[in-house]
Amino acid sequence: MKILLDVMSGDNAPEEIIKGAFLAHKEYPSIEIVLIGDLSVIKNYCIENRLPLDDHRISVVHTALAITMEDEPLCVVRDKAKSSMGIGLKMLANGDGDAFVSAGNTGALHAGSTLVVRRIKGYSRSAIATVLPFQTPMLLIDSGANTEVTKEQLEQFAIMGSIYMNRIFGIDHPRVGLANNGTEETKGTKNLVEAHAYLKASDKINFVGNIEGKQIPFSECDVLVCDGFTGNIILKLSEGMSKFLMKKVKEVFYKNPITMASGLVMKPQIKQFKKDYDASEFGGAPFLGISKPVIKAHGSSDAVAIKNAIRQSMDCVNTGIIKELARMVQKDKPKSEVKNGEETVNE
């Protein structure tokens, strides 16, 4: 399996990205990793840190051009097509790798995934699927790719999310909830009321109704669907609250000598608590609906988060999620539209 890695994108690029690649290289001996970025920078970092760049499972594709967080999304197919992100997406589309991982500009990665790698035929939108580390893992879809969506697209998100949670977490008949400001069927905007009725009538998903904000952390559903604007707010609030609570826990244990002594006794439990609710432990977020695995790592990812994002890309390849997504959408087509009974992936 060959994983393509964008070395030049992200808040901590290129050092943490390279370091994360070598953590994955050590932990997952069955994969090859292609580092896409500035060859001289990569070489110097590897020499300084005694990393084996000459290993046959590590290779480099050179480019010094990077997409910044301020760049327009379409730059990835225009003036920055030769950037580390642009090259990685093109290589994936051409079959020169099995999955692509980037911590870069979300808008550019989404645009490039759609225009270069392409969607699975039959899905009108791709969506970012982020696992939130609550009481039990919950998939938030969409968490930032599409600011406006239709009820039909929400159903497709629900289908994609259900397949993901079944293949990755082994959940049979994942429960699907609709993010809303109340549990009643009549709550929310006109679009949300219509979406609720549409999802409730669908026989393709296990719909459990509206999920309001206070329910989200308590495992009321396995897949939470919403538009990307709402989803991104939920995601960022969850990340912020997690950091806030950990900060407050530290303040409690550093308050006086007695609490500090208690903190030392409880240090292993606190460390495990932090790990259990750290979203980076689940790796990056896949763009579900794209015809090949594209994984969006958090912009502030450190080496461990990059390693986990690489593991996430391996899971997407090994579990056959994309083939299952293609098979599911083909089931809804008239037989005359399915040629020779084959699954159609690229749109």
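Okay, let's start with a question: over which residues does pLDDT stay under 50? That's residues 334–343, and the model has seven contacts beyond four places in sequence for that stretch. Keep in mind that what you're looking at is a predicted model. Across the protein, pLDDT averages 89, and 92% of the residues score at least 70.

Right, on to the inside. The largest nonpolar core here has 31 residues. If you want to find it on screen, try Tyr123, Ile141, Phe157, Met160 and Val225, which have the most contacts inside that core. Which elements give two or more residues to it? On the strand side we've got β5 (127–132), β6 (138–141), β7 (175–179) and β9 (223–225), and the helices are α5 (151–169), α6 (190–201) and α11 (321–331). The one that gives the most is α5, with eight residues. Apart from this core there's another one, made of 27 residues, and Ile33, Val101, Ile310 and Cys316 are among them.

Let's stay with isoleucine 141 for a moment. Leaving out residues up to four places away in sequence, isoleucine 141 touches Ala127, Ile128 and Ala129, then Phe157, Met160 and Gly161, then Val223, Leu224, Val225 and Cys226, and also Leu288. And there's something to look at in the backbone too: the peptide bond joining isoleucine 141 to aspartate 142 is cis, with omega at about 15 degrees. Aspartate 142 sits in the loop between β6 and α5.

Where else do we see a cis peptide bond? Go to alanine 13 and proline 14: the bond from one to the other is cis, and omega is near -5 degrees. Proline 14 is in the loop that runs between β1 (2–6) and α1 (15–27).

Now helix α4, which covers residues 106–117 and holds serine 113. Is serine 113 buried or exposed? It's buried, because its relative accessible area is 0%. Beyond its sequence neighbors up to four places away, serine 113 touches Leu89, Arg118, Phe287, Ile290 and Val294. Histidine 110 is in α4 as well. Its relative accessibility is 14%, so histidine 110 counts as buried too. With the same kind of neighbors left out, histidine 110 touches Ser126, Ala145, Asn146 and Phe287. So Phe287 turns up in the contacts of serine 113 and in those of histidine 110.

Remember Arg118 from the serine 113 contacts? Arginine 118 is in the loop between α4 and β5. Its phi is positive, near 80 degrees, and this is a residue other than glycine. Arginine 118 counts as partly exposed because its relative accessible area is 36%.

Histidine 173 also has a positive phi without being a glycine, about 50 degrees in this case. You'll find histidine 173 in the loop between α5 and β7. And why does histidine 173 count as exposed? Because its relative accessibility is 65%, and the cut-off for exposed is over 50%.

Last stop, the surface. Which residues make the nonpolar surface patch of about 380 Å²? Those are Leu237, Met241, Phe244 and Leu245. Take phenylalanine 244 from that group: it lies in helix α7, which spans residues 228–253. With 41% relative accessibility, phenylalanine 244 counts as partly exposed, since that class lies between the 20% and 50% cut-offs.

Technical notes
Residues numbered from 1 in each chain as written. Predicted model: local features only at pLDDT ≥ 70, side-chain atom pairs only at ≥ 80, totals over all residues. Heavy atoms only, no water. Patch = residues over 30% accessible without salt bridge, like charges linked within 9 Å, V, L, I, M, F, W, Y side chains within 5 Å. Areas by Shrake-Rupley, 256 points an atom, 1.4 Å probe, with all protein chains shown as cover. Salt bridge = Lys/Arg side-chain N within 4 Å of Asp/Glu carboxyl O. Helix = DSSP H or I, 4+ residues; strand = E, 2+ residues; numbered from the N terminus. Buried < 20%, exposed > 50% of the residue type's maximum accessible area, 1.4 Å probe, protein only. pLDDT = per-residue confidence, 0-100. Contact = heavy atoms within 4.5 Å. Core = buried A, V, L, I, M, F, W, Y, C linked by side-chain atoms within 4.5 Å.
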